[in-house]
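Visitor: I would like a close look at a single part of this structure, with its surroundings taken into account. Please take one helix and follow it outwards into the rest of the chain.

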Amino acid sequence: MRAMVYRGPYRLRVEEKDRPTIEHPNDAIVRVTRAAICGSDLHLYHGMMPDTRVGMTFGHEFIGVVDEVGSSVRNVKPGDRVMVPFNVYCGSCFFCARGLFSNCHNVNPNATAVGGIYGYSHTCGGYDGGQAEFVRVPFADVGPSPIPDWMDDDDAVLLTDALATGYFGAQLGDIVEGDVVVVFGAGPVGLFAAKSAWLMGAGRVIVIDHLDYRLEKAASFAHAETYNFAEYDDIVVQMKKITDHLGADVAIDAVGAEADGNFLQHVTAAKLKLQGGSPVALNWAIDSVRKGGTVSVMGAYGPMFSAVKFGDALNKGLTLRMNQCPVKRQWPRLFEHIRNGHLKPSDIVTHRIPLEHIAEAYHIFSAKLDGCIKPIIVPNAA
Amino acid sequence: MPYTPDKPKLAESTDELRARIPGWGVDLDPRDRPAVPRERFDPSLNGAHWEFPERQPEKWPREMSIEHKFLTPVFGTSCPPRGLSGMIRRYSYRTYSEGRAAHWLLLLAADRVDAVEGTLLSFLTRHPDNPLTETGVLSEFTHHGLSSRLRGKRVDRVHHLIDPVIVAAPWVLAGGVAYLAVRRVVRSRKG
């Protein structure tokens, strides 16, 4: 089969690879019809995530058609059109039994601090991902779900991570009616978090970024008030000024490990890999939120330490909430929101690129060229 | 204002927000939010028909965190450890917990070694690594590279010029060291 293959930092290509096989009785093999590149894939692409091996296939956002199932699979069958959460999870461990699917303890031998994620290094379990023609899906009775007939493929693929994560991020903010919510990052997760904040009754939603085209999208798609931090000496002071010096009630970090805005933080983390991530956005979130407020962290960080301003968080009495999103738990409610017209996730898709050109897709997305917000990958066999 | 008791008034009323924003407030009640409460004990809801999953066969000694009691029943089988990078990875997993910086730094070092090993091995195949196509850099010419970088006030512009240097420097250095080593060997044999 054809598959994206990592060759080292900033390098990848498409090559012939063995088709995955059933390795466990509850496995399925899925023929991928749509995949997406996630902002967090860029951390792998840039060589930031420890134990990212040459030869691995990335891709944790994908949908497809079940091609083959193991002997114990009951809930899906060959031919089913399915969406697959980015979490690999067993459904029965201590954490899964409590709904914390992203923290599953039975799928990742490489680390106890993180669950399993498709195509996201051996630190997340060593599973090949869905930027390929076929992918192995463990626990086929637990993760995959049939795609409703009324749902289109682009909406479905965005439900496998980006939309669910943005919606989850807004929920972790514990928003109450009239709250001022500030979202750092106008990428896919930030856009969805901003849009979701309204559903939870926010009174004002502010989005911060440095890319004008993304801020324009935040205004049109998420109805947000936008600020380009490059236009201000100090974005934290600006946030204080526009909130009558109180600060926002809730701040959401939707940027993560490669945040720009502080040259030293960015270069030491994103380029020299001396930190688990560049916490510029997280530190701005901590400093922009009001005392007693809540910071929700949806941006992905590596397992190493990062220079986070915990002193300010402590002194301000903040609640810091974060997790990888337990995707499938969000789906029933998100299906309703899409069906009712409250959310239209595919509105943020800017590029549809054949699998054979995935190296260009990564570069365009990474370098923020051509107005790129969300690239979708279409395998040859789709 | 934080200096007095009341919260600053919002510019828009609830009714105005409901009229302007599709779906405003439909998840106002926390009971409608699927992530609330954080933990909900119900193992029957998840599709699992086992208390502990059947074990996947272990086809090679699978590296694992020393914080685990045993090998997890299911695991990824992509890219078994190989070569010098594999030795570093196995040592890191065998020796250090996830709480130790040494664990992660060794894995990052192994990743860099793996990239060099992968490139060297590729020269023995019909598909040697090609940095021009594998970096996707040609899209700079087909997808508005220059105009995208010059538009607006992007702050990442300050490191655009050093980015390629940081990416290419290890390869240039490694090439230089290899060249000097080969030259020294050749000269010593001639001498």
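Guide: What follows is an account of one helix, then of the core and the domains around it. The model is a predicted one, and the helix chosen is α4 of chain A, which runs over residues 188-199. At 1.5 Å a residue, its twelve residues should span 16 Å, and the end C-alpha atoms are 17 Å apart, which agrees with that expectation. Just after α4(A), Gly201(A) takes a positive phi of about 95°.

As for its environment, a residue is called buried here if 20 or more other C-beta atoms lie within 10 Å of its own. Twelve of the twelve residues of α4(A) are buried by that criterion, so the helix is largely enclosed by the rest of the structure. The buried residues include Val189(A), Leu191(A), Phe192(A) and Trp198(A), and also Lys195(A) and Ser196(A). Among the elements of chain A that cover them are the helices α3 (162-172), α5 (212-222) and α10 (327-339), together with the strands β10 (180-184), β11 (204-209) and β13 (248-253).

The helix can also be placed within the nonpolar interior. The largest nonpolar core has 147 residues, and those with the most contacts inside it are Val181(A), Val183(A), Phe184(A), Val205(A) and Val207(A). To this core α4(A) gives the most, with eight residues. The core draws at least three residues from each of domain 1 and domain 2 of chain A. One of its well-connected members shows how the helix is joined to its surroundings: leaving aside residues up to four places away in sequence, Val205(A) touches Ala194(A), Ala197(A) and Trp198(A), as well as Val181(A), Val183(A), Ala222(A), Ala224(A) and Glu225(A). Apart from this core lies another, of seven residues, among them Met304(A), Trp104(B), Leu106(B) and Leu107(B).

Finally, there is the wider layout of the chain. The domain assignment of chain A gives domain 1 as 2-161 + 326-378 and domain 2 as 166-322, and 25 Å separate the centres of the two, taken over C-alpha atoms. Where they meet, 22 residues of domain 1 of chain A are in contact with 21 residues of domain 2 of chain A. On the domain 1 side, the elements that give two or more residues are α1 (41-45) and α10 of chain A, and the largest share, three residues, comes from α10(A), a helix that is also among the elements covering α4(A). By class, that side of domain 1 has nine nonpolar, ten polar and three charged residues.

Notes. Residues numbered from 1 in each chain as written. Chains lettered and ligands numbered in written order. Predicted model: local features only at pLDDT ≥ 70, side-chain atom pairs only at ≥ 80, totals over all residues. Helix = DSSP H or I, 4+ residues; strand = E, 2+ residues; numbered from the N terminus. Expected span 1.5 Å × (residues − 1). Contact = placed C-beta atoms within 7 Å. Domains from an automatic or database assignment. Nonpolar A, V, L, I, M, F, W, Y, C, P; charged D, E, K, R; others polar. Core = buried A, V, L, I, M, F, W, Y, C linked by C-beta atoms within 7 Å.
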